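Welcome, and please take a moment with the sequence and the fold shown here. A short tour of the architecture follows once you have had a look.

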Amino acid sequence: MSESVGGASAPMWETCAYPGSRLKCRGPVRQLDGDFIAVMGGAETLSAHLSRDVAQVIEATTGVSCVNFSAAHAGPAAYLSDPGLLMQIARARAVVLSIPGAHLARNALFQVHSRRNDRVIGQSSSLRALYPEVDFISHPFVRHMLIEMERVSKTRFAVVRDALRKGWCAGMADLIAAADAPVYGLWLGQRDPEELTDSIEAADPPLVGRDMLNALNLSGLVEVTRKPCEEDHALPQADVIKQAGRAVARMLNDETMPKSLRRTA
């Protein structure tokens, strides 16, 4: 199943759903026979604004099929809520996981939508007690709600921030464990991981730093730092995606590909 999405000024692209899954990934549907590399991520690797995504760059560089399972606003919860898609991803030789912000993870204070992890579907009684002055009904989107809470009280926001980071660490660990293949991280941040700040309004991915990355059971990590951009919600542009795809391909070519599949160019 696929559908076209786009506009007069945007490239046409397709979303698709793989068998047993409801998550709309970057299309078109690819055959999952034989060796392939899987890419998981959100809007930054979905690249709806680009005609060529990171999976295409990886495939062209390695010579091995690369399937983009990225979906809009997908954090770890989107994949963990979709066992049908995880079954498909588990067939991959290697998995590339784009590093999401901590705001997209399940946590103890509020619920996120199972597929669109940027949307709030409920708050805990403890969060409402922590922020009695916040009108949660007027904040259906996670980031807007968090910005409001931080502006109301930075002191109380420390409780929220800790819950988000704990939820992110747990969700990422579960997601990596669910992949029956080596998982390689891809950092497409607007800052270096060492430049961690405690504000939700800081550069993407928010509230994620080096110590959190080091705690993950990743087989490797590619870091591509990009400058913030006012357009397209600061999504990576074509030059960044090309750089990231080639860097990931070099790492995969060195570490996971049998000699018969390696491209030596």
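The sections below go from the whole chain to its sheet, then to one central strand and the nonpolar cores.

## The chain overall

Keep in mind that this is a predicted model. The chain is 265 residues long, and 53% of them count as buried. Its secondary structure consists of 9 helices and 10 strands.

Contacts often span long stretches of sequence: among those between residues at least 6 apart, 67% link residues at least 24 apart. On the outside, the chain exposes about 12300 Å², with carbon and sulfur atoms supplying 50% of that area.

## The parallel sheet

A good place to start is the open sheet, where 5 strands line up in the order 5-4-6-9-10 with parallel pairing. Strand 5 and strand 10 (220-223) are the edge strands, each pairing on one side only. From one strand to the next, the twist averages 20°.

## Strand 4 and its partners

Within that order, strand 4 sits between strand 5 and strand 6. Strand 5 (residues 66-68) runs parallel to strand 4 and is joined to it by 3 bridges; here Val39 has Asn68 as its bridge partner. With strand 6 (residues 94-98), strand 4 pairs in the parallel sense over 4 bridges, and Ile37 stands opposite Ala94.

Are the faces of strand 4 covered or open? Both faces of this strand, residues 37-40, are covered. Ile37 and Val39 are buried on one side, and Ala38 and Met40 are buried on the other.

## Two nonpolar cores

In soluble globular proteins, nonpolar side chains tend to be buried together. In this model, the largest nonpolar core has 57 residues, and the members that touch the most others are Phe69, Phe110, Leu146, Met149, Val160 and Trp168. Helix 7 (residues 154-178) provides the largest share of this core, with 8 residues.

Trp168 is worth a closer look. Beyond its neighbours within four places in sequence, Trp168 is in contact with Ile99, Pro100, Gly101, Ala102, Ala105 and Arg106, and also with Val208, Met212, Leu213 and Leu216. There is also a second, separate core of 22 residues, whose members include Val39, Val54, Ile241 and Ala244. Val39 thus brings us back to the sheet: this residue of the second core is also the bridge partner of Asn68 in strand 5.

Conventions
Residues numbered from 1 in each chain as written. Predicted model: local features only at pLDDT ≥ 70, side-chain atom pairs only at ≥ 80, totals over all residues. Heavy atoms only, no water. Buried < 20%, exposed > 50% of the residue type's maximum accessible area, 1.4 Å probe, protein only. Helix = DSSP H or I, 4+ residues; strand = E, 2+ residues; numbered from the N terminus. Pairing = 2+ DSSP bridges. Axes fitted to C-alpha atoms, helices over the stretch in contact; angles between N-to-C directions. Contact = heavy atoms within 4.5 Å. Areas by Shrake-Rupley, 256 points an atom, 1.4 Å probe, with all protein chains shown as cover. Core = buried A, V, L, I, M, F, W, Y, C linked by side-chain atoms within 4.5 Å.
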